[in-house]
Amino acid sequence: MLLKTWKKRVSRSIFMDAIKFSRSVVLLRAVGTLIIMTFGIIIILDIKNMPFGWFRLIFYAFMFVSSIWYVFPAFYKLTLFLFSSTTLISFDQYGVTTRDGRSLPWSDIKRIEVVEDTINNIAQPVPRLYRFTLLDRSHVDMSTYHLLTNQQFTDGVKELRTAWSQNKHRKIEN
């Protein structure tokens, strides 16, 4: 029994594949969001010097709030990911595992979809993600957090779909 468990662990670690992000892309995007937020702060501090009359207060307050409201969540996530592991999603012949450790066996997945960038209920951007529709009609979303380039994103979904189609009939041994 112990040997069988050990073989399963070794085989899982040998065939593990992953979708990884590039730290240089994350750094450039974090610097870009920092520039946008700095521009918003400069605008709000320079209100009294702009010749727009009473409208300038409303206009610049809106610019400041929108620069912080839309960009700060992305800046926060990008900064956290800059100092973490570069593995976003890992998978092997038995299933897929997220960054937070949630595992999904291939046999439980009905479909793998791509959800493009959207806006959430509080008007903030939501990055594109991989959606795993399960056999019980529920779904699990694995966000990319603006970490992948377009090519990395499309290559990642191709790898996931290929691994799923090759392994969807495989059951995990107990």
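The questions and answers below go through the sheets, hairpins, pockets and annotated spans of a predicted model.

Me: In what order do the four strands of the open sheet lie?
Reply: The model is predicted, and in it the pairing within this four-stranded sheet is antiparallel. Strand 1 (17-20) and strand 4 (103-105) are the edge strands, each pairing on one side only. From one strand to the next the twist averages 20 degrees. The order is 1-2-3-4.

Me: Which residue of strand 2 is the bridge partner of Lys20?
Reply: Strand 1 pairs with strand 2 (residues 87-91) in the antiparallel sense, over four bridges. Lys20 has its bridge partner in strand 2, and that partner is Thr87.

Me: How many residues lie between strand 2 and strand 3 in their hairpin?
Reply: Strand 2 and strand 3 run antiparallel and are joined by three bridges. One bridge partner is known by name: for Phe91 it is Val96, in strand 3. Between the two strands of the hairpin, the number of residues is three.

Me: Which residue takes a positive phi in the hairpin of strand 3 and strand 4?
Reply: Strand 3 and strand 4 run antiparallel, with three bridges joining them. Gly95 has Pro105 of strand 4 as its bridge partner. The hairpin has four residues between the strands, and the phi in question is near 95 degrees; the residue is Gly101.

Me: At about what angle to strand 1 does helix 4 run?
Reply: Helix 4 covers residues 150-167. Helix 4 lies across strand 1, strand 2 and strand 3 (95-98). Its direction relative to strand 1 is given by an angle of about 160 degrees.

Me: Which strands are at the edges of the three-stranded open sheet?
Reply: This sheet has antiparallel pairing and the order 5-8-9. Each edge strand pairs on one side only, and the two are strand 5 (109-115) and strand 9.

Me: What angle does the direction of helix 4 make with that of strand 5?
Reply: In the sheet with the order 5-8-9, neighbouring strands are turned by 20 degrees against each other on average, direction ignored. Helix 4 packs on this sheet and touches strand 5 and strand 8. With the direction of strand 5, the helix makes an angle of about 175 degrees.

Me: Which residue of strand 9 stands opposite Arg131?
Reply: Strand 8 (residues 129-134) and strand 9 pair in the antiparallel sense over five bridges. Thr133 has His139 of strand 9 as its bridge partner. Opposite Arg131 in strand 9 stands Asp141.

Me: Where in the hairpin of strand 8 and strand 9 is a positive phi found?
Reply: This hairpin has four residues between the strands. The positive phi is near 70 degrees, and the residue that takes it is Arg137.

Me: Which helix supplies the largest share of the lining of the largest pocket?
Reply: The largest pocket holds about 230 Å³ of space, and its lining includes Tyr70, Lys77, Gln124 and His146. By class, the lining has seven nonpolar, four polar and one charged residues. Helix 3 (55-82) and strand 7 (125-126) each supply at least two residues of it. The largest share, four residues, comes from helix 3.

Me: Which strand gives the most to the lining of the second largest pocket?
Reply: The second largest pocket has a volume of about 180 Å³. Among the residues that line it are Phe81, Arg99, Asp141 and Tyr145, and by class the lining has six nonpolar, two polar and four charged residues. Strand 2 and strand 9 (139-143) each supply at least two lining residues. The most, four residues, comes from strand 9.

Me: What share of residues 57-76 is helix?
Reply: An unreviewed UniProt entry places the feature "transmembrane region" at residues 21-45 and 57-76. In the model, residues 21-45 are 92% helix and 0% strand, with the end C-alpha atoms 36 Å apart. For residues 57-76 the end C-alpha atoms lie 28 Å apart and strand makes up 0%. The helix share of that span is 100%.

Key. Residues numbered from 1 in each chain as written. Predicted model: local features only at pLDDT ≥ 70, side-chain atom pairs only at ≥ 80, totals over all residues. Heavy atoms only, no water. Pairing = 2+ DSSP bridges. Axes fitted to C-alpha atoms, helices over the stretch in contact; angles between N-to-C directions. Contact = heavy atoms within 4.5 Å. 1 Å grid on protein atoms, 1.4 Å probe; cavity = no way out; pocket = protein on both sides within 12 Å on 5 of 7 lines; lining within 4 Å. Points joined across faces, edges and corners; volume = space filled by probe spheres on them. Nonpolar A, V, L, I, M, F, W, Y, C, P; charged D, E, K, R; others polar. UniProt positions renumbered as here; feature names shortened; annotations may be inferred.
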